[in-house]
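Open your viewer, switch on cartoon and stick display, and follow along. Each stop tells you what to select and what you will find there.

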There are 2 protein chains.
Amino acid sequence: MRSIIIASTSTIHGSGYLEYLLDELKLHFKDTDEILFIPYARPGGISHDDYAKTAAKAFNSIGKSVKGLHEFDNPKSAIENAKGIFTGGGNTFVLVNQLYKNDVLGAIKNAINNGTPYLGTSAGSNICGLTVNTTNDMPIVYPPSFKTLGFVPFNINPHYLDPIPDSTHMGETRETRIKEFHAFNTQPVIGLREGSWIEVKGTELTLKGNLDARIFEYNKAPYELPTGADLGFLK
Amino acid sequence: MRSIIIASTSTIHGSGYLEYLLDELKLHFKDTDEILFIPYARPGGISHDDYAKTAAKAFNSIGKSVKGLHEFDNPKSAIENAKGIFTGGGNTFVLVNQLYKNDVLGAIKNAINNGTPYLGTSAGSNICGLTVNTTNDMPIVYPPSFKTLGFVPFNINPHYLDPIPDSTHMGETRETRIKEFHAFNTQPVIGLREGSWIEVKGTELTLKGNLDARIFEYNKAPYELPTGADLGFLK
């Protein structure tokens with residue numbers, strides 16, 4: 001049975017890396033002591049090694065060790081053999097580019113569809129949607145495609161940000177950007193606020209965390225969904 | 001002689017479309033009464049026709065008419081015959097995709113290098129740099145390449161935004177994003193605040209408007225340049 005956590009962010013304001021999710025992660029990864037970490041998104045361009053250390057520190061605190069996918073000679077077999085996978089945030093374009101370069105998207109898809117528990121945060125959540133057309137990141141590299149894992153039949157917008165009242169900046173709001181996405185695409189988009197996540201259990205999709213999420217459907221006014229909502233209708 | 005205005009934005013807060021630039025544009029386009037408008041960036045997904053009307057309204061106020069590139073059967077020859085070209089803002093990915101689709105990048109490059117005056121705002125300015133890897137826009141379509149016109153030997157970041165003090169949002173600041181760009185690319189980036197523009201006259205590049213610009217060079221701390229600065233050193 002698929003078991004996936006698609007989180008808006010790794011870190012909420014005033015709290016440590018993954019801290020707000022640790023109780024959840026104890027349960028989510030209860031059947032393994034070792035997590036395979038995909039460090040490809042490299043926030044701020046840090047090295048795979050340094051990034052894996054950050055992830056390890058958080059997982060060590062719940063008694064689990066972390067091994068970075070970059071440490072393996074054969075990343076495909078590392079994914080096949082993993083008992084739990086975490087893809088961290090950073091730059092979505094850098095992440096997707098590296099996933100294609102190492103040709104591991106198929107292996108991740110198979111592993112997760114066969115029941116390997118998965119955690120994604122930010123960029124690692126973006127890739128759980130149909131495409132990364134709704135990332136907030138700067139396109140600092142050109143990946144071979146924007147198509148991704150499609151664990152959910154819609155797109156994710158992590159770190160969803162409400163319009164800032166009285167802003168004098170003329171750049172587009174997040175809502176404007178997602179509306180623009182729907183001028184060229186039809187799949188729904190879920191705006192996940194920091195602290196929210198989607199829980200996937202088999203075919204059941206549920207909104208979790210303390211906050212509401214903002215839903216954008218093609219040709220429809222955007223609206224709010226409360227936490228706990230069943231997201232199965234969204235396709 | 002090349003004559004190019006690369007503006008951060010079409011509109012500054014509390015002012016009409018292109019209003020802050022109109023005196024400049026009277027001079028810039030003094031040798032023509034008709035502007036060829038490239039509406040491909042389609043802000044908010046509006047139609048090419050509607051977008052051309054917005055541009056026409058502003059240019060009519062200084063006695064010039066506007067024709068949209070989409071109105072021509074042969075866009076290449078329309079560009080070759082133009083006496084002045086304006087590319088408006090919107091979504092950079094949509095703009096670049098359409099420029100490649102209609103195979104007009106070469107024609108624009110030739111025309112501008114041969115002296116046709118050009119104005120770009122926002123997305124229309126992004127394409128004047130080497131690549132669009134430093135756009136702020138959402139990647140709502142997948143263009144065939146991120147390479148663009150290279151009228152200046154660096155990248156543009158329009159609508160440059162300083163960090164918001166006391167923000168609790170965990171998304172990256174603009175400065176963090178551009179630093180991340182330099183983990184994978186070496187060309188300089190100019191952060192153009194709203195109200196700033198780059199004036200290109202032949203081989204001379206000058207920062208214009210009332211504001212300083214923020215400069216990001218590979219392996220160097222970011223720094224400010226005052227308006228009026230010669231940008232010729234930046235490559």
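Start with strand S3 of chain A, residues 65-68, where the side chains alternate between two faces. A:Val66 and A:Gly68 point to one face and are buried, while A:Ser65 and A:Lys67 point to the other and are not. Keep in mind as you look that this is a predicted model. Now add strand S2 of chain A, residues 34-38, which runs parallel to S3(A) and is joined to it by four bridges. To see how the two strands line up, pick A:Phe37 and look across to A:Gly68 in S3(A).

**The sheet of chain B**

Next, move to chain B and colour its strands. Seven of them make an open sheet with mixed pairing, in the order S3-S2-S4-S5-S1-S8-S9. Why do strands S3 (65-68) and S9 (204-208) of chain B each have one side without a neighbour in the sheet? They stand at the edges and have a single partner strand each, so one side is left free of a neighbour. Turn the sheet to see its twist, which averages 20° from one strand to the next.

Now walk through the sheet pair by pair. As a reminder, strands of a sheet pair through backbone hydrogen bonds, either parallel or antiparallel.

- Select S2 (residues 34-38) and S4 (residues 85-87) of chain B: they pair in the parallel sense over three bridges. B:Ile38 has B:Thr87 of S4(B) as its bridge partner.
- Add S5(B), which runs parallel to S4(B) and is joined to it by three bridges. Here B:Phe86 is partnered with B:Leu119 of S5(B).
- Add strand S1 of chain B, residues 3-7, which pairs with S5(B) in the parallel sense over four bridges. Opposite B:Ile6 you will find B:Gly120 in S5(B).

Stay on S5(B) and show its side chains. B:Tyr118 and B:Gly120 point one way, B:Leu119 and B:Thr121 point the other way, and all are buried.

Then bring in helix H2 of chain B, residues 48-60. This helix lies across S2, S3, S4 and S5 (118-121) of chain B, and H2 runs at about 160° to S3(B).

**A glutamate to click on**

Select B:Glu199, which is found in strand S8 of chain B, residues 197-201. Is B:Glu199 buried or exposed? Its relative accessibility is 16%, so B:Glu199 counts as buried, the cut-off for buried being under 20%. Leaving out residues up to four places away in sequence, B:Glu199 touches B:Ile4, B:Glu24, B:Glu204, B:Leu205, B:Thr206 and B:Lys208.

**The largest pocket and the largest cavity**

Now show both chains together and centre on A:Leu161, A:Ile164, A:Arg174, B:Leu161 and B:Ile164. Of the 45 residues lining the largest pocket, these are the closest to its centre. The volume of this pocket is about 1,200 Å³. Helix H7 (174-181) of chain A, along with helices H6 (123-126) and H7 (174-181) of chain B, are the elements that give two or more residues to the lining. By class, that lining has 13 nonpolar, 19 polar and 13 charged residues.

For the last stop, look for the largest cavity, which holds about 70 Å³ of space. Select A:Ser122, A:Asn136, A:Asp137, A:His159 and B:Glu172, the closest to the cavity centre of the 14 residues that line it. The lining of this cavity divides into two nonpolar, eight polar and four charged residues.

Definitions and conventions
Residues numbered from 1 in each chain as written. Chains lettered and ligands numbered in written order. Predicted model: local features only at pLDDT ≥ 70, side-chain atom pairs only at ≥ 80, totals over all residues. Heavy atoms only, no water. Pairing = 2+ DSSP bridges. Axes fitted to C-alpha atoms, helices over the stretch in contact; angles between N-to-C directions. Contact = heavy atoms within 4.5 Å. 1 Å grid on protein atoms, 1.4 Å probe; cavity = no way out; pocket = protein on both sides within 12 Å on 5 of 7 lines; lining within 4 Å. Points joined across faces, edges and corners; volume = space filled by probe spheres on them. Nonpolar A, V, L, I, M, F, W, Y, C, P; charged D, E, K, R; others polar. Buried < 20%, exposed > 50% of the residue type's maximum accessible area, 1.4 Å probe, protein only.
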